[in-house]
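Q: Please take a close look at a single part of this structure. I am new to it, so set out the surroundings as well.

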Amino acid sequence: MSSFRKALKSRQKNHHERSQPGFRKHLGLLEKKKDYKLRADDYHKKQNTLAALRKKALDKNPDEFYYKMISSQLQDGVHVAKKGKEEEEVTEEQKKLMRTQDIKYVEMKRVAEAKKIERLKGELHLLDADSKQKNKHTFFVDSKKEVKSFDLAKQLRTAPELVDRVYNRPTLETLETKTIQGAVEPHSIKKMARQRKHQYKILSQRIDREKKMFVISQKIQTRMDLQDKNKKVKVKKETSTAAAIYKFETKRKR
C-alpha cells in the first residue's frame with residue numbers, strides 16, 4: 001500500500017494559484033495565500049496590541065507615580081527625556097577652552113610641519129631650486145679687449161661643461177688629481193635628478209601646507225578675540241589666504 005502511495009504522489013502535478021484574469025487587470029495583482037497570511041498576521045498583531053493597551057488602561061492605578069513622568073516631555077507625539085542641569089549646553093568658558101585646544105592642536109601641527117621643512121631644506125640645500133634668487137658673480141678686467149676675449153671656464157679654472165653648475169663644480173686640478181666619487185653613468189645621474197625633483201615637490205607641498213595651517217590658526221584666534229564684548233570695527237574682510245582684521249575700542253584696565 002505504501003508503494004502505491006509513493007507511485008501516486010510521483011505522478012501528481014504542482015497546482016499553482018491562478019493569476020489575475022485579463023478583464024480584471026485594472027484591479028491590480030490577485031492576492032495569493034502568502035499575501036493574505038502576511039496581512040492577517042499584521043492585523044492580529046495590531047488587535048492584540050490594542051487589547052493589551054486596553055487592559056493596561058483598565059488596570060491602571062490612579063495614584064501611580066514614577067520619575068519618568070516629570071523627567072520627560074512630548075515632542076511631536078514622542079516622549080523625549082528632559083535635559084537636566086548637569087546636561088545643559090556648553091558654557092562660554094567651555095567653548096573658549098575648546099577653541100583654545102583647537103588652536104593649540106593646529107599650532108602644534110604647524111610647528112611640526114615647519115621642522116620638517118627645515119630638515120628638508122638642510123638636506124637639499126636649495127641648490128638648483130627654480131624659486132631661488134640667482135647669484136651674481138662679477139669679474140673685473142682692465143680693458144674692453146679683455147672683456148671680448150674673456151673665458152669664464154678659464155677664469156673659474158674648471159671644465160667648460162661644468163660652468164653652468166652652481167654646485168659641485170670641481171677645478172681642473174681636482175679633476176686631474178682625484179678620482180670622481182658618486183654616480184657618473186648617465187642613467188644614474190638622471191635617476192638622482194628625478195629623486196631630487198621629487199624631494200623639491202614634497203618640500204613645496206609642505207610649505208603650502210604650513211602656510212594654510214598658519215592662516216587657520218589666525219582665523220581661530222580671530223574668532224576667539226571676537227568673543228570679547230568690546231566694540232569693534234571690521235577693517236579687512238576674511239579671505240582664503242588671510243584672516244579678517246578688526247579694530248577694537250581701547251579700554252582702560254582697572
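A: What follows describes the whole chain briefly and then one residue, glutamate 113, with its surroundings.

This is a predicted model, in which local features need pLDDT of at least 70, side-chain atom pairs count only at pLDDT 80 or more, and totals for chains, interfaces and linings use all residues. Residues are numbered from 1 along each chain as its sequence is written, and side-chain values use heavy atoms, with hydrogens and water left out.

The predictor's confidence in each residue is given as pLDDT, from 0 to 100. The protein averages 79, and 81% of the residues score at least 70. Confidence is lowest in helix α1 (residues 2-10), with a mean of 69, and highest in helix α2 (residues 33-58), with 94. Where pLDDT is low, the predicted coordinates should not be read in detail.

Eight helices and four strands make up the secondary structure. Helices (H or I, at least four residues) and strands (E, at least two) are DSSP runs, numbered from the N terminus. Their order along the sequence is α-α-α-β-β-α-α-α-α-α-β-β. Strands β1 (residues 72-75) and β2 (residues 78-81) run antiparallel and are joined by four bridges; two strands pair if DSSP finds at least two bridges between them. Glutamine 75 has valine 78 in β2 as its bridge partner. The two strands form a hairpin with two residues between them, and aspartate 76 in the turn has a positive phi of about 55°.

Now to the part in question. Glutamate 113 lies in helix α4 (residues 92-124). Glutamate 113 counts as buried because its relative accessibility is 6%; buried means under 20% relative accessible area, exposed over 50%, and partly exposed in between (1.4 Å probe, protein chains only). Of the 254 residues of the protein, 12% count as buried.

Leaving aside neighbours within four places in sequence, glutamate 113 is in contact with Arg206, Arg209 and Glu210, where contact means heavy atoms within 4.5 Å. With arginine 209, the side chain of glutamate 113 also makes a polar contact of 3.0 Å. A polar contact is a pair of N or O atoms within 3.5 Å; within protein, one must be able to donate a hydrogen and the other to accept it, and residues adjacent in sequence count only if both atoms are side-chain atoms.

For the protein as a whole, residues 24 or more positions apart account for 40% of the contacts with a separation of 6 or more.
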